[in-house]
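Q: Could you take a close look at one part of this model with me? I'd like to see how two helices meet and what their charged side chains do there.

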Amino acid sequence: MRKIRAVYNDAVGQMIEEIEYSGRGTKTGHALKWVRETFMDLENNSSDIELSNFGLRSDSRKIIVVVTDGKAQDNQILAEERKRLLKA
């Protein structure tokens, strides 16, 4: 099991390292809102995305991993989305 975890962690770390930053700004709040509306609220999902393609089930626990530069430009929306997501 440890070997599997090590390989998985190395792969995830490599993917994170390869993320390119465009330098055009960070709208973390808007990103979280999109994730919540698209993936978290499965009963009211109005997007064209087929959620089963992502292995999502309405009865499963949802986890969001946020990778950011820490300089959100939409702090009010970020605070609102944080509250909404923590209630979910």
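A: Let's start with a term: a helix axis here is a line fitted to C-alpha atoms over the stretch in contact, and the angle between two axes is taken between their N-to-C directions. Keep in mind that this is a predicted model. Confidence is highest in α3, at a mean pLDDT of 91, while the chain averages 78.

Now for the pair itself. The axes of α2 and α3 come within 7 Å and cross at roughly 35 degrees, and the crossing is left-handed. On the α2 side, the residues that touch include Leu32, Arg36 and Met40, and on the α3 side Ile77, Glu81 and Arg84 are among them. Sorted by type, the contact has 5 nonpolar, 3 polar and 4 charged residues.

Next, the charges. Side chains of opposite charge can pair when their charged atoms come close. Arg36 and Glu81 do this across the two helices, forming a salt bridge at 2.6 Å, N to O. That pair links distant parts of the chain, with Arg36 in α2 and Glu81 in α3, 45 residues apart.

Are these two buried or exposed? Both are buried: Arg36 has 17% relative accessibility, and Glu81 has just 1%. The cut-off for buried is under 20%, so Arg36 counts.

Each partner has another bridge too. Arg36 also meets Glu37, at 3.9 Å, and Glu81 also meets Arg84, at 2.8 Å. Glu37 is partly exposed at 40%, and so is Arg84 at 41%. Put together, Arg36, Glu37, Glu81 and Arg84 are linked in a network of salt bridges.

Notes
Residues numbered from 1 in each chain as written. Predicted model: local features only at pLDDT ≥ 70, side-chain atom pairs only at ≥ 80, totals over all residues. Heavy atoms only, no water. Axes fitted to C-alpha atoms, helices over the stretch in contact; angles between N-to-C directions. Helix = DSSP H or I, 4+ residues; strand = E, 2+ residues; numbered from the N terminus. Left-handed = near helix turned anticlockwise from the far one by under 90°. Contact = heavy atoms within 4.5 Å. Nonpolar A, V, L, I, M, F, W, Y, C, P; charged D, E, K, R; others polar. pLDDT = per-residue confidence, 0-100. Salt bridge = Lys/Arg side-chain N within 4 Å of Asp/Glu carboxyl O. Buried < 20%, exposed > 50% of the residue type's maximum accessible area, 1.4 Å probe, protein only.
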